[in-house]
Amino acid sequence: MPIFTPGRRWQPAYSPFKKENFGDRVLQVLEYSLKGPLFGCRMCGNCLLQETAFICPMECPKGLRNGPCGGSTSEYCYIDKTRPCIWYKIYERSFQLGREELLLEVLPPLDWEKVGQDSWRDIFRNVAKIGYKKVASGLLSRSAETRKQTWDGIFRPVRQPDWWQGDSKYHPPAYTEPVSELERRLVAGEFVVTSEITPPLSSRTDKLIQHIETTRHYVSALNFTDNASAMPRMTSWACSQIAIDHEAEPVLQISARNRSRGNLQSEVIGATALGVRNILCVTGDSAKLSPSPRENMEINDLDAIQMLWILRRMRDEGKYLDGREIKYPPKFFLGAAASPFSSDPKFQALREQKKVNAGAQFFQTNLVFDINGMEIWLNELAKRNVLDKVYILIGITPIKSLKMAVRLSEVPGVYLPEKIIRRMDVANTAGNAQEEGVQIALELISVIKRYHSQGIHGIHLMPVGWDEVVPRIVIESGLMPKEYVFDQTSQQEWNNAHPIEK
Ligand code: SF4
């Protein structure tokens with residue numbers, strides 16, 4: 001081994017160091033010199049510029065290839081405020097050019113073998129395969145349809161490899177009988193409630209079990225977050241298993257952050273073997289939000305839409321991403337997050353439609369405090385014809401304090417009207433902020449219930465650790481699950497026998 005190794009130690013994300021022949025390097029330099037200044041190309045090697053209004057999306061710090069995250073705004077990217085959200089720009093230009101429907105095509109995750117290489121070779125190869133004459137006559141044809149087909153024949157195989165085959169169509173689930181209690185209730189037309197539990201920070205489970213026991217009778221299912229804000233906690237599947245042991249139905253949340261495609265598939269097979277029947281796919285908060293020292297912020301293998309696409313195909317087609325057959329495919333009810341207040345409602349509706357097409361059967365939305373805004377978003381969804389294809393559960397939180405209200409108003413994707421902050425301010429001065437927060441939640445729920453026939457199917461409570469309030473909210477809003485008669489005495493007895501150590 002030489003004493004001095006003049007190797008490149010640092011590898012930029014999309015240009016990994018590889019030994020390549022001279023011809024390949026020349027092509028790469030040429031492509032980058034041209035497409036870099038023109039389209040902001042980052043040489044991902046899996047070119048999708050055709051679908052993204054000729055703006056390279058790989059500038060997105062999360063590496064998203066299927067649309068904006070919940071933190072997208074017209075002003076800046078929430079991870080790096082010194083730059084705009086590139087997906088916002090792509091959506092804006094696509095709508096201006098009338099190319100927005102192209103954004104519906106479900107695009108694959110990167111083929112890391114190709115990352116850093118040119119895509120021109122693949123394009124030339126496709127042209128040769130079709131035949132130069134045929135390509136020339138197709139592109140010069142008078143028929144717009146022939147021109148489009150020829151163009152697509154060249155570029156589609158570059159962005160849609162055989163192992164992916166993404167499209168813009170809706171793919172209904174390939175089963176008929178509900179696979180979970182949550183799905184059964186939704187199919188039966190119930191207005192359901194789910195509630196989110198934040199997993200514990202330690203391996204002690206008594207508090208977690210207390211939260212499960214306190215809430216399980218009042219809701220159809222319990223969500224367990226997957227390291228929200230990129231903060232390590234007990235894993236969502238361990239919490240889900242504990243919930244199953246305590247006769248509660250879990251919704252396993254899986255975030256794309258820090259998760260590879262291999263890891264996702266094996267985890268889902270394992271979780272379903274343990275009895276998990278509801279899975280919620282989210283892209284996840286950036287590792288930038290995690291506590292310091294921060295992990296690698298460039299582990300961006302998948303986004304939520306790609307996760308949905310992979311999991312739906314595992315379930316309905318019985319196939320791993322690499323094409324291997326699954327003899328006993330997993331069963332699950334697939335969900336996704338929706339964000340009525342991130343970016344322009346028409347942009348969001350398009351992103352939501354893409355999730356439904358990819359496999360989302362239910363949405364749990366980000367927090368809603370503004371019914372008018374929710375209605376605008378619903379109307380945009382109706383225009384996209386997706387309301388009869390997905391169950392929507394609206395996110396509600398009881399605000400516990402004025403401080404929490406102020407903090408929420410700064411969260412990307414949450415819109416807190418000024419009048420709610422004022423109400424919390426007045427209540428805070430009067431010393432009853434908690435009660436006011438509960439009243440606001442109850443008022444919102446009572447209005448949202450009226451949308452049951454207009455595309456809303458339930459409430460998703462996010463009490464942020466204040467799980468004791470869930471029973472009260474469910475009872476006072478008249479949303480106790482049907483057919484359930486709750487024995488409050490036995491619940492109290494259980495609580496007394498299992499005190500939480502503070
Ligand atoms: S706001 Fe989200 S989608 Fe937009 S560039 Fe930043 S990380 Fe990407």
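These legends accompany several close-up views of a predicted model.

**View A. The ligand and the residues around it.**
Here we look in on the ligand, which is surrounded by 13 residues. The closest are Cys60, Pro68, Cys69, Cys77 and Cys85. By character, the shell divides into ten nonpolar residues, two polar ones and one charged one. The space that the ligand takes up is the second largest cavity.

**View B. Two cysteines without a disulfide partner.**
Searching the whole structure turns up zero disulfides, and this view visits two of the cysteines. The closest cysteine sulfur to that of cysteine 56 belongs to cysteine 41, and because 5.4 Å lies between them, they are too far apart for a bond. Cysteine 56 is also buried, at 7% relative accessibility. For cysteine 239, the closest cysteine sulfur is in cysteine 281, and the 17 Å between the two sulfurs is too far for a bond. With a relative accessibility of 0%, cysteine 239 counts as buried too.

**View C. Arginine 259 and its contact with glutamate 267.**
Arginine 259 sits in the loop that runs between strand E3 (250–255) and helix H9 (261–273). Its relative accessible area is 9%, so arginine 259 is buried, the cut-off being under 20%. Do look for its side chain meeting that of glutamate 267: the two make a polar contact at 3.1 Å.

**View D. The loop between E4 and H10.**
Two residues of this loop are worth a stop. Aspartate 303 is found between strand E4 (278–282) and helix H10 (304–316), and is buried with a relative accessible area of 1%. Its C-alpha atom is separated by 7.9 Å from that of proline 109, although their positions lie 194 residues apart along the chain. Proline 293 belongs to the loop between E4 and H10 as well. A cis peptide bond, with omega about 0 degrees, joins proline 293 to serine 292.

**View E. Positive phi at alanine 53 and phenylalanine 54.**
The setting is the loop between helix H1 (22–39) and helix H2 (86–97), where alanine 53 lies. Phi of alanine 53 is near 55 degrees, a positive value in a residue other than glycine. Phenylalanine 54, also placed in the loop between H1 and H2, has a positive phi near 60 degrees, again in a residue other than glycine. Buried or exposed? Alanine 53 counts as buried at 1% relative accessibility, whereas phenylalanine 54 is partly exposed, with a relative accessible area of 27%.

Key
Residues are numbered from 1 along each chain as its sequence is written. This is a predicted model: local features need pLDDT of at least 70, side-chain atom pairs count only at pLDDT 80 or more; totals for chains, interfaces and linings use all residues. Side-chain values use heavy atoms; hydrogens and water are left out. A residue is near a molecule or strand if one of its heavy atoms lies within 4 Å of it. On a 1 Å grid over the protein atoms alone, a cavity is a set of points where a 1.4 Å probe fits but cannot get out, and a pocket is an open set with protein on both sides within 12 Å along at least five of seven lines; lining residues have an atom within 4 Å of a point. A molecule sits in a cavity or pocket if more than half of its atoms lie within 2 Å of its grid points. Ala, Val, Leu, Ile, Met, Phe, Trp, Tyr, Cys and Pro count as nonpolar, Asp, Glu, Lys and Arg as charged, and the others, Gly among them, as polar. A disulfide is a pair of cysteine sulfur atoms within 2.5 Å. Buried means under 20% relative accessible area, exposed over 50%, partly exposed in between (1.4 Å probe, protein chains only). Helices (H or I, at least four residues) and strands (E, at least two) are DSSP runs, numbered from the N terminus. A polar contact is a pair of N or O atoms within 3.5 Å; within protein, one must be able to donate a hydrogen and the other to accept it, and residues adjacent in sequence count only if both atoms are side-chain atoms.
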